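Got the viewer open and a free hand on the mouse? Let's walk through this one stop by stop, selecting as we go.

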Amino acid sequence: MPLDYPIAEQTLDNGLRVVVSSDRAVPIVAVNLWYDVGSRHEPPGLTGFAHLFEHLMFQGSRNVASGQHFSLLETAGASLNASTFFDRTNYFESLPSGGLDLALWLEADRMGYLLDAVNQENLDNQRDVVKEEKRQSYDNRPYGDSYERLVKLAFPEGHPYAHMTIGSMADLDAASVEDVHAFFRKYYGPNNAVLTIVGDVSEADAFDAAKRYFGHLPAIPAPPPAPDGTIGPMTGVQRDDVTSDVPSDLVTMMFRLPVDGTPELDAAGLALDILAAGQSGRLNRRLVRDEQIAQSVSGGALPLIGGVSFGTLTGIASDGVDLQKVEDALLEEIEKLATDGVTSEELATVQAQAERDWLEQLATCAGRADEISHYALLFGDANRINTRIDQVQAVTVDQVQAAAQKWVRAAGRVQVTYRRSGTGEQA
């Protein structure tokens, strides 16, 4: 499927990669900054630092008072946020095109001068914010710690993907201001980032603005490479059975998958989609619609670049149904997929769903900017946004079956089950 979104790239003298995609259709501009640092870069004892900086980056810098980053941009009509992942951290805003200079100035000030504002008070404050986030999103939320449990089972101790981005609260408690400053100096510099500008601005004006606000910032020493996480499919089965005050019984299975950017991962991801994506997925048809033993099923692949990815399948039992029935049905369908393969119609359906989702993602300036940064930073090729769907469409039924046989296997999985106790006490 031919896509031709314009892509123009320059690298500033300090190493900052700038990508511009001009789109004059609407008076909106999206600014998207990806740093090549995520939880997989964190050494033992420093887990949670990339996510901590997601918070600290909004607490002021040399020329911006605490809280002003949000207030200045929102006053200019912007929507903005940030996110931390295993492989990267990103900061982004969309706003009327007249606000481009403001957005770039704010991003440049915290890239270059954040540490002017990172003192003990700010560190303590944001450390408490992260702890509260963990309590709300992980500890006190039904099934909130499922991924935390799964990755500990799926990857050996010390593996770069064996801990979640929230990190260890003990590591955060032990962190000094000096530790935090050192982590920032190691990773948050222009030569470890990609800046993408998409929307109502000419290429020339966008590059000029990027140079004006970022060009004077010094490069940092080359960061250490992330540890190699290459590891093969899982062998054997590991379980974590939890009794908790949850609304329904639930089982989630996790499988190690091939590394992102490979046809094999595309095939494995499509295999999981055939099982779990949408109303036409095999699991939805059998467990939810026909046998009515599950309230819902879901699943899919989570692409990662550090030598391995992973995928999940989840089933929530219907009231009064033994969770073991749901687990057994999931495993039967996994085995059928590997043994009997898929039909060309099934593959065409999930490929069409992938195409629709991709076009929806690229339809907005913000979505396009995020994907451009993604491919520019992690793959060195921003133009992959124009060819990505072709790679998915090229996958064959034989490749899907082969990927299922190797990676999505009942005999090679980890899983977490949650069963209701009614007591509120968790095992």
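Start with the largest cavity, which holds about 30 Å³ of space. This is a predicted model, by the way, and it has 1 cavity of 30 Å³ or more. To see the walls, select Met57, Phe58, Gly60, Ser61, Val64, His69, Leu106 and Arg110, which line the largest cavity. Colour them by type and the lining splits into 4 nonpolar, 3 polar and 1 charged. If you wonder how such a space is found, rolling a probe the size of a water molecule over the atoms shows where empty space is left.

**Stop two: the sheet of 6 strands**

Switch to a cartoon view. In which order do the strands of the open sheet of 6 run? Going across, you pass S1-S2-S6-S3-S5-S4, and the pairing is mixed. Strand S1 (8-11) and strand S4 (79-84) sit at the edges with a single partner strand each, so one side of each has no neighbour in the sheet. Stepping from one strand to the next, the twist averages 15°.

Now zoom in on strand S3 (residues 28-35) and strand S5 (residues 89-96), which run antiparallel and are joined by 8 bridges. For a landmark, pick Ile28 and look across to Pro96 in S5, which stands opposite. Helix H1 (residues 49-56) packs on this sheet, touching S4 and S5, and the direction of H1 makes about 165° with that of S4. Select helix H8 (residues 203-214) as well: H8 also packs on the sheet, where it touches S1, strand S2 (17-22) and strand S6 (193-199). The direction of H8 makes about 150° with that of S2.

Slide over to the S1 edge. S1 and S2 run antiparallel, with 4 bridges joining them, and Glu9 has Val19 in S2 as its bridge partner. The two strands form a hairpin with 5 residues between them. Click on Gly15 in the turn, which has a positive phi of about 95°. On to the next pair: S2 and S6 run parallel, joined by 6 bridges. Here Ser21 has Val198 in S6 as its bridge partner. Both kinds of pairing are on show at this stop, and in general strands of a sheet pair through backbone hydrogen bonds, either parallel or antiparallel.

**Stop three: the sheet of 5 strands**

Next, bring up the open sheet of 5 strands, ordered S7-S11-S8-S10-S9 with mixed pairing. Which strands form its edges? They are strand S7 (236-244) and S9, each pairing on one side only. Neighbouring strands in this sheet are turned by 10° against each other on average, direction ignored.

Select helix H5 (146-154) and follow what it touches. H5 packs on the sheet against S7, strand S8 (250-257), S10 and strand S11 (412-420), and its direction makes about 150° with that of S11. At the S9 edge, 8 bridges join S9 to strand S10 (residues 309-317), and the two run antiparallel. Ala294 is a handy marker there, standing opposite Ala317 in S10. Then add helix H10 (residues 282-290), which lies across S9 and S10 and runs at about 160° to S9.

**Stop four: the pockets**

Turn on a surface for this part. The largest pocket contains about 890 Å³ of space. Its lining counts 32 residues, and those nearest the centre are Ala301, Pro303, Trp358, Tyr375 and Arg388. Helix H9 (263-276), strand S9 (294-302), helix H12 (344-362), helix H13 (365-379) and helix H14 (384-393) each supply at least two residues of the lining. Which of them gives the most? That is H12, with 6 residues. By type, the lining of the largest pocket divides into 16 nonpolar, 7 polar and 9 charged.

The second largest pocket has about 410 Å³ of space. Of the 24 residues lining it, select Glu42, Pro44, Thr47, His159 and His163, the closest to its centre. H5 turns up again here: H5 and helix H7 (177-187) each supply at least two residues of this lining. The lining of the second largest pocket divides into 11 nonpolar, 7 polar and 6 charged.

**Last stop: an annotated stretch**

Finally, select residues 176-353, where UniProt places the feature "domain: Peptidase M16 C-terminal", in an unreviewed entry. The span is 42% helix and 24% strand, and its end C-alpha atoms lie 47 Å apart.

How values were computed. Residues are numbered from 1 along each chain as its sequence is written. This is a predicted model: local features need pLDDT of at least 70, side-chain atom pairs count only at pLDDT 80 or more; totals for chains, interfaces and linings use all residues. Side-chain values use heavy atoms; hydrogens and water are left out. On a 1 Å grid over the protein atoms alone, a cavity is a set of points where a 1.4 Å probe fits but cannot get out, and a pocket is an open set with protein on both sides within 12 Å along at least five of seven lines; lining residues have an atom within 4 Å of a point. Grid points are joined across faces, edges and corners, and a volume is the space filled by probe spheres set on the points. Ala, Val, Leu, Ile, Met, Phe, Trp, Tyr, Cys and Pro count as nonpolar, Asp, Glu, Lys and Arg as charged, and the others, Gly among them, as polar. Two strands pair if DSSP finds at least two bridges between them. Axes are lines fitted to C-alpha atoms, for helices over the stretch in contact, and angles run from 0 to 180 degrees between N-to-C directions. Contact means heavy atoms within 4.5 Å. UniProt positions are given in the numbering used here, feature names are shortened, and annotations may be inferred rather than shown by experiment.
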